[in-house]
Amino acid sequence: MARTISFHLQKGGVGKTTISGTLACQSALDGYRTLLVDVDPQGNASSWFLNEAPTFELADVVQGKCFIQDAIVSVAQVPNLFVLPTFGIGGTLKLYSETKLAEEPYVLQDLIKEVSENYDRIILDLSPGLGRLERAALISSDEVITPMTPEVFSLDGLEIFIDELNKLRKNLRSPVRHTKIIINSFDNRIRQHRDIYSAACEGVFTVYKIPVDPLFRKAQEAGCAPQLFKVRGKGLKESTVDAIQTLNKEIWR
Ligand SMILES: Nc1ncnc2c1ncn2[C@@H]1O[C@H](COP(=O)(O)OP(=O)(O)O)[C@@H](O)[C@H]1O
Ligand SMILES: [Mg+2]
């Protein structure tokens, strides 16, 4: 049975896609069959790893138009990495989440259970917000890890997220764990970053850091796994590679 982790904070631009995609690659490169589920109607993770729109996408699966196995595609450049994609064609997933999903809040949980035997690890990339779709994804997960950028507003956002997650646990009987946060785009030279990291460490969470590294965006633009991507012979910074490997070891422990 695969373990399922989602990365979430309701804010956009904090690194949900970058971290879920990068950790999915790392897990796959380490030899674990890893499924990345793109639960964001904007489909950023899918366009990052897949060159062309596949025949079926997540929206087709949840609407019963195809089997989940028919929609999952393998990523050519990363052995062991599979994506259940979203391409946002015609806004189908968004429309579904605003209409039908209310009647079937456990649809994603059921789908994930269905394929759980086929993978070692499942990672969910969520869209910003805390609507029905994000809640459906959270209750499908064993654990949610919160990525945030080192800004004061992110700490406020974390408080709101904790509150909402508590309601979700109670109302939807979900035992989803939330014990880790990741300060993303961290730059040790910036005092505010160090202060926010210290403030985050004062709470009950285990706190990880991922350094700011321009290679992430370049790898995304090139449609490549960051671990395999190089610009003029240079890949991710050594500190970034260390951070990814540490995080990858810790979260699946
Ligand atoms: N550690 C990092 N260093 C530099 N740029 C980053 C880092 N993490 C994310 N980014 C960039 O920040 C932008 C937003 O990240 P993204 O993962 O799309 O956020 P989200 O999914 O939370 O909206 C992207 O352009 C991405 O390349
Ligand atoms: Mg995203």
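Author: A pocket here is an open set of grid points with protein on both sides within 12 Å along at least five of seven lines. Keep in mind that the model is predicted.

Reader: OK, so what volume does the largest pocket have?
Author: Let's start with who sits around the space. The pocket has 22 lining residues, and Gly13, Val14, Gly15, Thr18 and Gln220 are the closest to its centre. As for the largest pocket's volume, that comes to about 380 Å³.

Reader: Which elements each supply at least two residues of that lining?
Author: The lining of the largest pocket has eight nonpolar, ten polar and four charged residues. Going by elements that each supply at least two of them, you get α1, α2 (44-49), β7 and α10.

Reader: And where does ligand 1 sit?
Author: Look at its neighbours to begin with: 16 residues surround ligand 1, and Gly13, Lys16, Thr18, Asp213 and Gln220 are the closest. By class, that shell splits into five nonpolar, eight polar and three charged residues. The place where ligand 1 sits is the largest pocket.

Reader: Which elements give two or more residues to the shell around ligand 1?
Author: Ligand 1 is in the largest pocket, as we just saw. Its shell draws two or more residues from each of α1 (16-29), β7 (177-186), β8 (206-211) and α10 (215-222).

Reader: How far is the side chain of Thr18 from an oxygen atom of ligand 1?
Author: Let's walk through some polar contacts. Lys16 uses a backbone N or O atom, 2.9 Å from an oxygen atom of the ligand. Asn184 brings a polar side-chain atom to 2.9 Å from a ligand nitrogen. For Thr18, an N or O atom of the side chain is separated from a ligand oxygen by 2.6 Å.

Reader: How much of ligand 1 does the protein bury?
Author: Asn184 has its side chain 2.9 Å from a nitrogen of the ligand. Taken alone, ligand 1 exposes 560 Å², and the share of that buried by the protein is 78%.

Reader: Moving on, which element gives the most to the lining of the second largest pocket?
Author: This pocket has a volume of about 240 Å³. Its lining counts 13 residues, with Thr4, Lys113, Ser140, Ser141 and Asp142 nearest the centre. By class they divide into six nonpolar, five polar and two charged. The top contributor, with three residues, is α6.

Reader: What about enclosed space: how many cavities of 30 Å³ or more are there?
Author: A cavity is space where a 1.4 Å probe fits but cannot get out. The largest cavity holds about 30 Å³. With the cut-off at 30 Å³ or more, the count is one.

Reader: Which elements give two or more residues to the lining of that largest cavity?
Author: The lining has eight nonpolar residues, with no polar and no charged ones. They are Val62, Leu93, Tyr96, Leu101, Val107, Leu108, Leu133 and Ala136. The elements giving two or more residues are α5 (92-98), α6 (107-115) and α7 (132-138).

Definitions and conventions:
Residues are numbered from 1 along each chain as its sequence is written. Chains are lettered from A and ligands numbered from 1 in the order in which they are written. This is a predicted model: local features need pLDDT of at least 70, side-chain atom pairs count only at pLDDT 80 or more; totals for chains, interfaces and linings use all residues. Side-chain values use heavy atoms; hydrogens and water are left out. On a 1 Å grid over the protein atoms alone, a cavity is a set of points where a 1.4 Å probe fits but cannot get out, and a pocket is an open set with protein on both sides within 12 Å along at least five of seven lines; lining residues have an atom within 4 Å of a point. Grid points are joined across faces, edges and corners, and a volume is the space filled by probe spheres set on the points. Helices (H or I, at least four residues) and strands (E, at least two) are DSSP runs, numbered from the N terminus. Ala, Val, Leu, Ile, Met, Phe, Trp, Tyr, Cys and Pro count as nonpolar, Asp, Glu, Lys and Arg as charged, and the others, Gly among them, as polar. A residue is near a molecule or strand if one of its heavy atoms lies within 4 Å of it. A polar contact is a pair of N or O atoms within 3.5 Å; within protein, one must be able to donate a hydrogen and the other to accept it, and residues adjacent in sequence count only if both atoms are side-chain atoms. Accessible areas come from the Shrake-Rupley method with a 1.4 Å probe; for residues, only the protein chains shown count as cover. A molecule sits in a cavity or pocket if more than half of its atoms lie within 2 Å of its grid points.
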